[in-house]
Amino acid sequence: METIGRFAPSPSGRMHLGNLLCALLAWLSAKSSGGRILLRIEDLDTVRCKPEHTARLEDDLLWLGLDWDEGGSRGGSCAPYEQSRRSELYQSALDRLTELGVVYPCFCTRAQLHAASAPHREDGLTVYSGTCRDLTPEDQAQKRLTRVPALRLRVPDESITFLDGHMGIVTESLPLDCGDFLLRRSDGLFAYQLAVVVDDAAMGVTEVVRGADLLSSTPRQLLLYRLLDLTPPKFYHFPLLLDASGRRLSKRDGDIGLDALRRRCQPEEVVGTLAYLAGLNPSRQPCTPESLIDTFSWDLVPKEDIRLPADLF
């Protein structure tokens, strides 16, 4: 079976090095097995995601030599490749889940969701406490008079175990580590978990490469694949890039973005440095993505988060 990978950025600002590392690893993982790569634009949040960011994102990828086979402005057989234009597919999946009886309305406010009494995971993320899980139809009707509900998936009392292609065996308890998760927000926007499952299945994606911060999303998505009777891809999660102080890179904080890098670096320098950080290049020597294809191996990529040196560029 042909490998089909994907890079699925959110065009909410200029990409930083962590985004570029994801693009590079996804590209190399697919190309090293003779596969294809598609570009999907995850612009569900239309307030933060702008067309001009998408155009600049594509230009940055091409500047780095990270071409793609379908998607983005190139289109393809699975068009549209922008999530903001795929709502009908998400609604169809939501309808199927509703028919299965695993969807319920949630009327909790943001303040209630972040209440101190709510259970928290070890990484600090809040697990939904199930406040609205067992509301009667009468209670739901009364609450609808004053608030439009979000929609949640009622998770079963079980654990999901899967083999990550890089991180190994991962097990998560759905009720304890995940909780009933969002499928659609109260403002009508579909949630990330549902959208990516629908899109990856519809686009024939066979492998997903993404940062370790999304590792905990995988059991939820595997549950959705099962409920929707879809075939899941192989998952590969890579370590996060941290700045010199140990803080995660962020678009919002203006960390090492392409604006500055393109002013003072050649694309081969950026690729060579990223490859070095990922264990794919013996030094920071400049190189192209193509030159890394023949020697690429997930065995070379570290599993622990990578701290950037202060003198990176």
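Select Trp 68 and Arg 74 to begin, and you will see that in this predicted model the charged end of Arg 74 sits over the ring of Trp 68, at 5.0 Å from the centre of that ring. A second arrangement of this kind can be found by selecting Tyr 128 together with Arg 152, where Arg 152 lies over the face of Tyr 128, 3.7 Å from the ring centre.

Keep Trp 68 on display, since Trp 68 is also one of the residues that line the largest cavity. A search of the whole structure finds two cavities of 30 Å³ or more, and the largest of them holds about 60 Å³ of space. To see its walls, select Phe 7, Ala 23, Trp 27, Ile 37, Leu 38, Leu 39, Leu 61, Leu 66, Asp 67 and Trp 68, which together line this cavity. Helix H1 (17-31) and strand S2 (36-39) are the elements that give two or more residues to this lining, and S2 gives the most, with three residues. If you colour the lining of the largest cavity by class, you will find nine nonpolar residues, no polar ones and one charged residue.

Next, move to the second largest cavity, which has a volume of about 30 Å³. Select Gly 13, Arg 14, Met 15, His 53, Arg 56, Leu 57 and Asp 60 to show the residues that line it. Coloured by class in turn, the lining of the second largest cavity has two nonpolar, two polar and three charged residues.

Now turn to the aromatic rings, for which the count comes to four aromatic pairs. Select Tyr 236 and Trp 298, whose rings form a stacked pair, with 5.0 Å from centre to centre and 15° between the planes. Which parts of the chain does this pair tie together? Tyr 236 lies in strand S10 (residues 234-238), whereas Trp 298 lies in the loop between helix H10 (267-277) and strand S12 (306-307), so the pair ties together parts that are 62 residues apart in sequence. Both partners are buried, Tyr 236 with a relative accessible area of 15% and Trp 298 at 10% relative accessibility.

Add Phe 296 to the selection, and you will see that Phe 296 and Trp 298 form an edge-to-face pair, with 5.7 Å between the centres and 80° between the planes. Phe 296 also counts as buried, at 11% relative accessibility. With these residues shown together, you have one aromatic cluster, formed by Tyr 236, Phe 296 and Trp 298.

For the last stop, select Cys 106, Cys 108 and Cys 132 and show their sulfur atoms. Why does the structure hold zero disulfides, when these cysteines can be picked out together? A disulfide needs a pair of cysteine sulfur atoms within 2.5 Å. The sulfur of Cys 106 is 3.9 Å from the closest cysteine sulfur, which belongs to Cys 108, and this is too far for a bond. The closest cysteine sulfur to that of Cys 132 is likewise in Cys 108, at 3.8 Å, again too far for a bond. While these side chains are on screen, note how they sit with respect to the surface: Cys 106 is buried, with a relative accessible area of 3%, and Cys 132 counts as buried too, at 4% relative accessibility.

Notes
Residues are numbered from 1 along each chain as its sequence is written. This is a predicted model: local features need pLDDT of at least 70, side-chain atom pairs count only at pLDDT 80 or more; totals for chains, interfaces and linings use all residues. Side-chain values use heavy atoms; hydrogens and water are left out. Buried means under 20% relative accessible area, exposed over 50%, partly exposed in between (1.4 Å probe, protein chains only). Rings of Phe, Tyr and Trp (its six-membered ring) pair if their centres lie within 6.5 Å; planes under 30 degrees apart count as stacked, over 60 as edge-to-face and the rest as tilted. Helices (H or I, at least four residues) and strands (E, at least two) are DSSP runs, numbered from the N terminus. A charge sits over a ring if NZ of Lys or CZ of Arg is within 6 Å of the ring centre and within 35 degrees of the ring normal. On a 1 Å grid over the protein atoms alone, a cavity is a set of points where a 1.4 Å probe fits but cannot get out, and a pocket is an open set with protein on both sides within 12 Å along at least five of seven lines; lining residues have an atom within 4 Å of a point. Grid points are joined across faces, edges and corners, and a volume is the space filled by probe spheres set on the points. Ala, Val, Leu, Ile, Met, Phe, Trp, Tyr, Cys and Pro count as nonpolar, Asp, Glu, Lys and Arg as charged, and the others, Gly among them, as polar.
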